[in-house]
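With the model open in your viewer, please follow the selections below in order, pausing at each stop before you move to the next.

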Amino acid sequence: MKQAIPTQPTVTQVVNHSVHGLATIRLIDPPGRIVRSLVHDLGVSVGAAAAEPDISVRFIERFHNAGRLRMLELNNEPFAFDDHNFYLLDDQGHRTLFNFDLSGPTIELVCERGVSKIPLLTSLLGIALLRKGHLLLHSAAFAYRGKGILVTGWQTGGKSEMLLAYMNAGARYIADDWTIIRGTDGALCGLTSHVNTWGWQLEQLPALRSRLSSAERFRLGLIRFYRHLYGALPLRNANRGSLPLRLLARIDAEGARTARTSSSPQRLFGNHVQWEPISLDRLFLANVSQDGIAVLPVDPHDIARRMSSSQHYERRDLHEAYIKYRFAFPDRTDDALSGSLARELLLLNKTLDSRQAYEIVHPYPVSLHDLYRATETYCK
């Protein structure tokens, strides 16, 4: 049942964002920072926008409660609901209304203008694409010698490392985190979101490091210098309970967490960005191992089954929110979400079927040069 959604009489600005012509996100009266955030997270608009959006996000000043407002999880990603609507709250308490109506032609959200970002956006885009028969797969992708290479795996499995190794060898960037596999022909196209690169990766890739600003290079160098000094402390493993060492250890941990930069693909790779779809020719499953680098043949259907679990994990924010939505409104259900896992597995098996597939296992951190040398013969 369609629930009451606040209306706003005057629309002053509409921004349509096309995802390779396969899905359209429409922002109605968005703040400028939200438009910039969307480009950061999903990349620039590519292709023609549809007349009717797949996801509509409208911005209003504030909500007026429909009855008493109840709160859930006060201290961790809080949620709330009133007599009609379900809300997601950011860390400042600004609300986004989302009633989990995924079965209609358009997924609708309404945000207060103060929200820091649009919640659940990538997960909802995955559902919108899936409804049209396309896959938004947690993966990196690049074009190498005219072939489309897809690298899947769990978080921190080595997808970005494989991408960077090949970008250094002249490949063309498709995606670092999320790749679309078109259901019509199995072609690859990527979300050109900002690329996170770690200091240790850039140390191996001076050509990419030179594309950073002097301030970014200075910050990474300073973090590296401090961590080197901390690692050389003769007593850092002794008397760990002392306040000075605890403070130094905390600074070192913060340095490890922040020793990275975020850059657009255009800035990092210049004209080596693949905007046009390309066929999927090679498939890799990346895993970290304590042993050396090895390339092992693997059944693509095995990768499909594994990535079904990875996809569920990557969209856990959406599934967890749905559980809380069902607590708030136990009489409402959404079959589109509950059936998405089975439908996605079928599509994974279909699109990955008969592809040349390999598992690449490697230590972490890894030599990007060695990673390229070990896998290049399988990408020809």
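Begin by selecting K117, Q155, D177, W178 and E314, which, among the 48 residues that line the largest pocket, lie nearest its centre. Bear in mind throughout that you are looking at a predicted model. The space inside this pocket comes to about 1600 Å³. To see which elements surround it, colour α1 (32–42), β6 (86–89), α2, α3 (159–167), β14 (195–198), β15 (260–263) and α10 (316–328), each of which gives two or more residues to the lining. Of these, α1 provides the largest share, with five residues. If you then colour the lining of the largest pocket by residue class, you should find 15 nonpolar, 18 polar and 15 charged residues.

Next, turn to the enclosed space, where the count comes to one cavity of 30 Å³ or more. Select H17, S18, V19, H20, L42, G43, V44, V46, G190, L191 and T192, the residues that line the largest cavity, in which about 50 Å³ of space lies. Strand β1 (residues 14–19) gives the most to this lining, with three residues. By class, the lining of the largest cavity has five nonpolar and six polar residues, and no charged ones.

From there, move to the nonpolar interior. In soluble globular proteins, nonpolar side chains tend to be buried together. Here, select I55, F98, F100, L124 and L125, which touch the most other members of the largest nonpolar core, a set of 43 residues. Helix α2 (residues 121–131) gives the most to this core, with six residues.

Stay with F98 for a moment and show its surroundings: leaving aside residues up to four places away in sequence, F98 touches F86, L88, I107, E108, L109, L120, L124, L318 and Y325. Apart from the largest core lies another, of 32 residues, and you can locate this second core by selecting A140, I149, L202 and C379, which are among its members.

Finally, clear the selections and view the whole chain, which has 13 helices and 18 strands. Of its 380 residues, 50% are buried. If you display contacts between residues with a separation of 6 or more, 72% of them join residues that are 24 or more positions apart. Switching to a surface view brings up an accessible surface of about 18100 Å², of which 52% belongs to carbon and sulfur atoms.

Definitions and conventions. Residues are numbered from 1 along each chain as its sequence is written. This is a predicted model: local features need pLDDT of at least 70, side-chain atom pairs count only at pLDDT 80 or more; totals for chains, interfaces and linings use all residues. Side-chain values use heavy atoms; hydrogens and water are left out. On a 1 Å grid over the protein atoms alone, a cavity is a set of points where a 1.4 Å probe fits but cannot get out, and a pocket is an open set with protein on both sides within 12 Å along at least five of seven lines; lining residues have an atom within 4 Å of a point. Grid points are joined across faces, edges and corners, and a volume is the space filled by probe spheres set on the points. Helices (H or I, at least four residues) and strands (E, at least two) are DSSP runs, numbered from the N terminus. Ala, Val, Leu, Ile, Met, Phe, Trp, Tyr, Cys and Pro count as nonpolar, Asp, Glu, Lys and Arg as charged, and the others, Gly among them, as polar. A nonpolar core is a set of buried Ala, Val, Leu, Ile, Met, Phe, Trp, Tyr and Cys residues joined through side-chain atoms within 4.5 Å. Buried means under 20% relative accessible area, exposed over 50%, partly exposed in between (1.4 Å probe, protein chains only). Contact means heavy atoms within 4.5 Å. Accessible areas come from the Shrake-Rupley method with a 1.4 Å probe; for residues, only the protein chains shown count as cover.
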